Amino acid sequence: MRADLERVKILAEGWKPEQVLSWAFATYGENIALATGMGVEGMVLTDITWRINPGVKIFTGDTEFLFPETYDLMDRVEEKYGIKIERLYSDLTPEEQEREHGPRLWARDPDQCCNLRKVEPLRRKLATLDAWVTAIRRNQTSERSGVFKVDWDPKFNLIKICPLADWTRKMVWDYALEHDVPYNSLHDLNYPSIGCTHCTRAVQPGEDARAGRWSGFGKTECGLHTPEPSAAAQLVQLATAAADD
Ligand code: SF4
């Protein structure tokens, strides 16, 4: 099994998103689902996936702190594709979180807040699957630069499929506009990356696309796609070796 995965992991690097997805649905049947944070990458991947498998299961984390524009997008996607997006919630309502952890946890300890509202709900969902599909791309953040299109996910113990791993932002937008893919209207107002209202701002000209997320904190990920320490160390080693070449 491990040898098969290693073979596919290498082969899949030469596959287009449609080939990756076709292999994934043929291999994992009912036990695979697409996760999206409702960004433009996730919307493009939803469109590509729906054309291959209109019955695809899709879920998103609803932190209960999202923008009205994001909830509106969920409605538009469900209507356009005739699907129901499963929403994952924290065990704690925002009010319960404030009672247990104090006010404005996101401003004091965003890692803990993301863990409560995003990571743990996702962990519970992924425990029911054999594989998950995500729209992350390698050039989004340093944490994502080492992802493969098909790989074992040691953080959540299942297969992780990233069909857009080698796409650029331009490729994503070209596809979205060409195929009339629904997207968050905030993207047109200088919000290239959109999360919770408390932790997202518009970016200024020249800023990185993710500079508007957790501004003021040294944080670029909510924790869903952060490599495990051992994997991260491996990536650093590889990068160091490459730099020494
Ligand atoms: S993005 Fe901000 S508000 Fe949302 S879960 Fe993370 S820390 Fe909390």
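# Notebook: cavity, charges and two backbone angles

I began with enclosed space and noted that the largest cavity has a volume of about 110 Å³; the model I am reading is a predicted one. My search of the whole structure turned up 1 cavity of 30 Å³ or more. I then listed the lining of the largest cavity, which comes to 15 residues, with Cys113, Cys114, Cys196, Cys199 and Trp214 lying nearest its centre. Helix 7 (residues 110-126) gives the largest share of that lining, 5 residues, and by class I noted 8 nonpolar, 4 polar and 3 charged residues.

**Positive phi.** I looked up Glu64 and found its phi near 70°, a positive value in a residue other than glycine; Glu64 sits in the loop between strand 2 (58-61) and helix 4 (68-81). I also noted Arg104, another non-glycine residue with positive phi, here near 50°, which belongs to the loop between helix 5 (94-101) and helix 6 (105-108).

**Salt bridges.** My count came to 17 salt bridges, and I followed several of them one by one. Glu64 appears again here, its side chain meeting that of Arg117 in a salt bridge at 3.2 Å, N to O. Because Glu64 lies in the loop between strand 2 and helix 4 while Arg117 lies in helix 7, the pair ties together parts that are 53 residues apart in sequence. I wrote down that Glu64 is partly exposed at 34% relative accessibility, whereas Arg117 is buried, with a relative accessible area of 2%.

Within helix 4 I recorded a salt bridge between Asp72 and Arg76, with the closest N and O atoms 3.0 Å apart; these two residues are 4 apart, about one turn of the helix. Asp72 is partly exposed at 38%, and Arg76 is partly exposed at 31%.

I next took the salt bridge of Arg87 with Asp75, whose closest N and O atoms are 3.9 Å apart. This pair links distant parts of the chain, Arg87 being in strand 3 (residues 85-88) and Asp75 in helix 4, 12 residues apart. Salt bridges that share partners join Asp75, Glu78, Lys84 and Arg87 into one network.

**A buried acid.** Finally I checked Asp153, placed in strand 5 (residues 150-153). Asp153 is buried yet has no salt bridge, and the nearest side chain of opposite charge, that of Lys160, is 4.5 Å away. I did find a polar contact of 3.0 Å between the side chains of Asp153 and Trp132, and I noted the backbone nitrogen of Phe156 at 3.3 Å from a polar atom of the Asp153 side chain.

Definitions and conventions
Residues are numbered from 1 along each chain as its sequence is written. This is a predicted model: local features need pLDDT of at least 70, side-chain atom pairs count only at pLDDT 80 or more; totals for chains, interfaces and linings use all residues. Side-chain values use heavy atoms; hydrogens and water are left out. On a 1 Å grid over the protein atoms alone, a cavity is a set of points where a 1.4 Å probe fits but cannot get out, and a pocket is an open set with protein on both sides within 12 Å along at least five of seven lines; lining residues have an atom within 4 Å of a point. Grid points are joined across faces, edges and corners, and a volume is the space filled by probe spheres set on the points. Ala, Val, Leu, Ile, Met, Phe, Trp, Tyr, Cys and Pro count as nonpolar, Asp, Glu, Lys and Arg as charged, and the others, Gly among them, as polar. Buried means under 20% relative accessible area, exposed over 50%, partly exposed in between (1.4 Å probe, protein chains only). Lys and Arg count as positive and Asp and Glu as negative; His and the chain ends are not counted. A salt bridge is a side-chain nitrogen of Lys or Arg within 4 Å of a carboxyl oxygen of Asp or Glu. A polar contact is a pair of N or O atoms within 3.5 Å; within protein, one must be able to donate a hydrogen and the other to accept it, and residues adjacent in sequence count only if both atoms are side-chain atoms.
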